[in-house]
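Open the model in your viewer and switch to a cartoon view. This tour goes from one selection to the next and says what is there.

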Amino acid sequence: MTTLLLLSNNLMFLPRIQQAAGSTVSIVRASNLDRLTELISESNIDMVVADLEYDQDFWHKALQLFQENQNLNPKMIAYGPHEDTNSMELARSLGCDPVLAKGAFVNNLKNILKQA
């Protein structure tokens, strides 16, 4: 089973992600570094999805942790407001590919989850 880590405190997209994932993807969520550390030690994380509207300090540190640790190699994706180009560029520089506007993320969710 694929494990997807959602870096967010916004639960609005969680049901959509769960529905698109079906039974093939286990979804875990972290909204702080303590929980992130716990999940990394407990799970083999295959995909990270970062909500760029959430606390930038948190998702920046989280993505940096995955980028710097050779033992962790998940597919990293980010989504956020299309007008926040600075956050999108930062997420790209931290290894997220693709980085999508929220609408594109929601519209392509099933295809995105197939990449895990």
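Select Ser87 and show its side chain. Not counting residues up to four places away in sequence, Ser87 touches Leu52, Gln56 and Trp59. Keep in mind that this is a predicted model.

Is Ser87 buried or exposed? Its relative accessible area is 7%. Buried means under 20%, so Ser87 counts as buried.

Now widen the selection to the helix around it. Ser87 lies in helix α4, which covers residues 85-93.

**The sheet**

Colour the strands next. Five of them form an open sheet, in the order β2-β1-β3-β4-β5. The pairing is parallel. In general, strands of a sheet pair through backbone hydrogen bonds.

Which strands stand at the edges? They are β2 (25-30) and β5 (99-101). Each has a single partner strand, so one side of each is left without a neighbour in the sheet. From one strand to the next, the twist averages 20°.

**The β5 edge**

Select β4, residues 75-80, together with β5. Three bridges pair these two strands in the parallel sense. For one bridge pair, pick Gly80: its partner in β5 is Ala101.

Bring helix α4 back into view. Helix α4 packs on the sheet and touches β4 and β5. The direction of α4 makes about 155° with that of β5.

**The β2 edge**

Move to the other edge strand. Select β1 and β2, which run parallel and are joined by six bridges. Pick Leu5 here: its bridge partner in β2 is Val28.

Add helix α1, residues 14-21. This helix also packs on the sheet, touching β1 (2-7) and β2. The direction of α1 makes about 160° with that of β2.

What is the handedness of the β-α-β unit made by β1, α1 and β2? The unit is right-handed.

**Leu39**

Keep Leu5 and Val28 on screen and add Leu39. Leu39 sits in helix α2, residues 33-42. Its relative accessibility is 1%, so Leu39 counts as buried.

Which residues does Leu39 contact, leaving aside neighbours within four places in sequence? They are Leu5, Val28, Arg29, Ala30 and Ile45. Both members of the Leu5 and Val28 bridge pair are thus in contact with Leu39.

Finish with a distance. Draw a line between the C-alpha atoms of Leu39 and Val28: they are separated by 7.8 Å. Along the chain, these two residues are eleven residues apart.

Key. Residues numbered from 1 in each chain as written. Predicted model: local features only at pLDDT ≥ 70, side-chain atom pairs only at ≥ 80, totals over all residues. Heavy atoms only, no water. Pairing = 2+ DSSP bridges. Helix = DSSP H or I, 4+ residues; strand = E, 2+ residues; numbered from the N terminus. Axes fitted to C-alpha atoms, helices over the stretch in contact; angles between N-to-C directions. Contact = heavy atoms within 4.5 Å. Right-handed = clockwise from strand over helix to strand, strands pointing away. Buried < 20%, exposed > 50% of the residue type's maximum accessible area, 1.4 Å probe, protein only.
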